[in-house]
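Reader: I am new to this structure and should be grateful for a close look at one part of it. Please begin with a single residue and follow its surroundings outward in one connected account.

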Amino acid sequence: MPMLLIKGFYDIKGSQPDGDTVHFTADDPAEWSLVGGGGGRAVEHSAVGRAKLRLDAIDALETHYGPARVHQPLQFAHAARDELLTSLGFTDVQRQPDETVTATTPETVPGFVLTRGADVHGRCIALAGAGTPPGTSGLEIDVDVAVLRTTVNHHLLAEGLAYPTFYRSLFTGLRAEMAAVAVQAREARRGLWASDVTTTGAKITGLTSLTDDVVILPKLFRRTVDYLGLAMPLPCYPAFLAGVQDRYSVLSTGERRAGLHHIVEVTNGQTVRMTHPPEDLVFEDA
């Protein structure tokens, strides 16, 4: 899979990193213009080349979602964030109560990103690595499974600290490796998988069920939080999901769908579950 390599360093002071987003500064800010072949969405960055990364193929539990900054169970949300930063090379991270980073040791760590595009928020969608890059910055390299295994994306899935969440832009061979790693972590009940109820059923009696108790796929969490904000009865949730029109394919059946209501059900008036595991879904690029 050809991906653009950009060399630079991680600098998280003043930011609020979580388990799948982190700030990265390119050594050459002009290289951000190469993302997406120059014709796709632009990566938003500062004059010195600092941009926000959205880690490809994974979704960690939320630490601060939406205007109300709603979180998922923080035991796992913080575990993913801390492992991400440790894997990149930060040994000491100090924060304010709102989770803004005030100091780190070291101040920056060298690394690289591998990317093919940006999301609608201007974040670079990337495979992220620390240390020496596997090629020349500013050029495309062939990213195979061996290279993928050097990234923090792969590491977080292997440790069971993030869910697999795939989009169509990720090549099949890389997706298959990430899915296999996620299944291995689930079968070993590593990390969040020991508590995951995405497919077995999450009992939801209110917002605190989502913030303090149940561990579910973050995309399902976000949709459920948005729905609860409408103060509607939970049995009507599938109708809401039909209206949101998330577009995706189900790999096991080959179906292309619009709306999570096809794979999310509500039972007993208060239990929500997905009928397919996360690795069986490929979403349309946002």
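**A charged pair and the sheet beside it**

Author: At a relative accessibility of 26%, Glu-284 counts as partly exposed. The model in which this residue is described is a predicted one. The side chain of Glu-284 forms a salt bridge with that of Arg-168, with N and O 3.1 Å apart. This pair connects distant parts of the chain, since 116 residues separate the two partners. Arg-168 belongs to the loop between β11 and α4 (172-187), whereas Glu-284 sits in the segment after β17 (281-283). Like its partner, Arg-168 is partly exposed, and its relative accessible area is 37%.

The strands just named lead to the sheet. Four strands make up an open sheet in the order β11-β17-β13-β14, and their pairing is mixed. Its edges are β11 (166-167) and β14 (255-258), each of which pairs on one side only. In general terms, the strands of a sheet are held together by backbone hydrogen bonds, in a parallel or an antiparallel sense.

Within this sheet, β13 (residues 247-250) can be followed to two partners. Towards β14, the pairing is antiparallel and comprises four bridges. Towards β17, the strands again run antiparallel, and three bridges join them. Which residue of β13 shows both pairings? Ser-249 does: its bridge partner in β14 is Arg-256, and its bridge partner in β17 is Val-282. Next to it in the strand, Tyr-248 stands opposite Arg-257 of β14. The strands β13 and β14 also form a hairpin with four residues between them. In that turn, Gly-254 has a positive phi of about 80°.

A second salt bridge involves the loop that leads into β17. Glu-279 lies in the loop between β16 (271-274) and β17, and its side chain meets that of Arg-186 at 2.7 Å, N to O. Because Arg-186 belongs to helix α4, this pair ties together parts that are 93 residues apart in sequence. The two partners differ in exposure: Glu-279 counts as buried at 12% relative accessibility, while Arg-186 counts as partly exposed at 26%. Elsewhere, shared partners join several salt bridges into one network made up of Asp-20, Arg-54, Asp-59, Glu-62 and Arg-222.

The structure as a whole has 16 salt bridges. One of them pairs Arg-95 with Asp-82, with the closest N and O atoms 3.5 Å apart. Here too distant parts of the chain are linked, from strand β5 (residues 92-95), which holds Arg-95, to helix α1 (residues 74-88), which holds Asp-82. These partners are 13 residues apart. Both are partly exposed, Arg-95 at 28% relative accessibility and Asp-82 at 33%.

A contrasting case is Lys-219, in helix α6 (residues 218-228). Why does this buried residue have no salt bridge? The nearest side chain of opposite charge, that of Asp-246, is 4.2 Å away, and a salt bridge requires a nitrogen within 4 Å of a carboxyl oxygen, so the pair does not qualify. The side chain of Lys-219 nevertheless makes a polar contact of 3.3 Å with the side chain of Tyr-167. Leaving aside residues up to four places away in sequence, Lys-219 touches Asp-59, Tyr-167, Asp-246 and Phe-283. Several of these neighbours return the account to elements already described. Asp-59 is a member of the salt-bridge network, Tyr-167 falls within β11, and Phe-283 falls within β17.

Some backbone features outside the sheet complete the account. Beyond helix α6, Ala-231 lies in the loop between α6 and α7 (237-244). Its phi is near 60°, a positive value in a residue other than glycine, and Ala-231 counts as exposed at 69% relative accessibility. Glu-99 also has a positive phi, near 80°. This residue is in the loop between β5 and β6, but it is buried, with a relative accessible area of 13%. In the loop between β6 (101-105) and β7 (109-118) lies Pro-106, and the peptide bond that reaches it from Thr-105 is cis, with omega near -10°.

Finally, zero disulfides are found in the whole structure. Among its cysteines, Cys-124 is buried at 0% relative accessible area, and Cys-236 is partly exposed at 34%.

How values were computed:
Residues are numbered from 1 along each chain as its sequence is written. This is a predicted model: local features need pLDDT of at least 70, side-chain atom pairs count only at pLDDT 80 or more; totals for chains, interfaces and linings use all residues. Side-chain values use heavy atoms; hydrogens and water are left out. Helices (H or I, at least four residues) and strands (E, at least two) are DSSP runs, numbered from the N terminus. Buried means under 20% relative accessible area, exposed over 50%, partly exposed in between (1.4 Å probe, protein chains only). Lys and Arg count as positive and Asp and Glu as negative; His and the chain ends are not counted. A polar contact is a pair of N or O atoms within 3.5 Å; within protein, one must be able to donate a hydrogen and the other to accept it, and residues adjacent in sequence count only if both atoms are side-chain atoms. Contact means heavy atoms within 4.5 Å. A disulfide is a pair of cysteine sulfur atoms within 2.5 Å. Two strands pair if DSSP finds at least two bridges between them.
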